[in-house]
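Colleague: I am new to this structure and should be grateful for a close look at a single part of it. Please take me through that part step by step.

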Amino acid sequence: MRFAGRFVLLAFALLQLLLTHSAFIRKATSTLSCGRAKTLLRASTSDPVPSLTALKRLRESSGAPMMDCKTALQDPGVAGDMNKAIAWLRAKGLAKVTASTRSTKEGLIAVHTSADQRCVALVEVNCETDFVKRNKDFQTFVGLLAETVLRSGGSASRELTVAEVLALRPPRDHVSVAGGEAKAFDSVQDALGDIAASIRETIVIRRASIVAPSSAGSVLATYVHNKVGGLRSAQTQLGKIASVAVLHAEPALPPAAALSLQQDAGHKLAMHIAAAQPLFLDAASAPAAFVEAESAIFREQLAAERKPVDVVDRIVAGKVAKRLAEVSLLQQSHQAESGGSSVERVLRDVGQRLGVDVTVAAFARWSLNE
């Protein structure tokens with residue numbers, strides 16, 4: 001009996017413990033549920049979480065820690081805008097320009113033509129990624145840089161060194177648009193530093209040149225392949241390949257006929273130059289070093305055939321002549337005209353229709369990273 005009584009008391013104590021524990025669990029569960037509801041409510045009313053793609057782009061452009069990038073993109077004043085996020089990080093001191101050894105294989109070539117269409121400036125600016133190449137601030141910088149080069153160059157054709165370009169004073173309307181902040185600069189070097197700090201990527205000015213006809217009877221035409229961007233100026237074009245053709249008419253044409261020559265024959269020739277990649281005006285313009293190098297290649301190709309020397313000489317001469325025709329502008333088949341005629345023949349026909357002699361005074365072709 002004594003043992004049975006103790007068993008009843010022990011069972012009663014266990015029952016009380018279970019009841020007390022159940023009440024505790026119900027209270028805790030209620031508290032947790034309430035807290036979870038509040039958390040979900042806060043999450044539903046907060047700024048949306050940035051996408052991983054946006055976070056990665058901002059991280060690569062700014063160099064800031066991932067959590068700071070997330071905070072920047074969720075800031076109410078930023079609202080996911082990439083340029084504003086970079087400006088936000090810069091203001092916090094979290095995005096700074098540092099020396100970089102990363103390659104700059106992307107970029108743009110800008111062509112800026114004067115209002116009277118008498119001269120043109122070409123500049124190439126390189127960056128690291130395609131993402132930056134498509135950045136509006138970067139495109140604006142490249143376009144305004146070409147305008148700055150043209151304004152400084154007078155009316156003579158010349159190539160500028162990078163040091164000369166960096167020392168140029170931009171026009172007063174050449175301002176920073178990075179992060180929504182407008183300001184003028186005393187030099188291209190300052191403007192370059194500002195855009196690099198904003199975009200947080202290595203930016204390099206690679207080359208710059210001015211092309212200007214030396215005669216009043218010449219007209220200038222341009223063409224840009226893979227054109228990008230929508231800049232404020234219709235005088236500026238951006239792309240990966242750019243070409244310039246200068247045609248000379250003798251005697252000089254009246255304005256209306258000169259405009260027709262520029263817009264038709266000039267533009268088509270510029271298109272051809274971009275596509276055909278000529279190296280020289282004609283075979284006579286090819287430097288001796290080029291001819292010797294090509295001859296050596298062809299002789300090496302024929303060495304195993306053990307042909308007589310005079311035969312080899314004739315074969316090599318023929319191959320060199322064919323190679324020169326392939327890379328000489330006037331001998332190339334005009335790719336922007338039907339019929340397969342050479343550029344020289346097409347220009348002769350154009351001159352006959354206009355009653356003048358039409359010749360190529362100068363040409364240029366730029367390709368990104370060539």
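How many bridges join E5 to strand E7, and in which direction do the two run?

Modeller: Please note at the outset that this is a predicted model. Strand E7, residues 241-250, is joined to E5 by eight bridges, and the two strands run antiparallel. One of the paired positions involves Thr222, whose bridge partner in E7 is Val244.

These two strands belong to an open sheet of three strands, with the order E5-E7-E8 and antiparallel pairing. Strand E5 (218-225) and strand E8 (357-367) each have a single partner strand and stand at the edges, so one side of each lacks a neighbour in the sheet. From one strand to the next, the twist averages 15 degrees. Helix H9, which comprises residues 255-276, packs on the sheet and touches E5, E7 and E8. The direction of H9 makes about 140 degrees with that of E7.

Helix H9 also takes part in a side-chain contact through Lys268. This residue forms a salt bridge with Glu337, and the closest N and O atoms are 3.6 Å apart. Lys268 lies in helix H9, whereas Glu337 lies in the loop between helix H11 (309-327) and helix H12 (343-354); the pair thus links distant parts of the chain, 69 residues apart. Both residues are partly exposed: Glu337 has 28% relative accessibility, and Lys268 has a relative accessible area of 26%. In the whole structure, a search finds 18 salt bridges.

Definitions and conventions. Residues are numbered from 1 along each chain as its sequence is written. This is a predicted model: local features need pLDDT of at least 70, side-chain atom pairs count only at pLDDT 80 or more; totals for chains, interfaces and linings use all residues. Side-chain values use heavy atoms; hydrogens and water are left out. Two strands pair if DSSP finds at least two bridges between them. Helices (H or I, at least four residues) and strands (E, at least two) are DSSP runs, numbered from the N terminus. Axes are lines fitted to C-alpha atoms, for helices over the stretch in contact, and angles run from 0 to 180 degrees between N-to-C directions. Contact means heavy atoms within 4.5 Å. A salt bridge is a side-chain nitrogen of Lys or Arg within 4 Å of a carboxyl oxygen of Asp or Glu. Buried means under 20% relative accessible area, exposed over 50%, partly exposed in between (1.4 Å probe, protein chains only).
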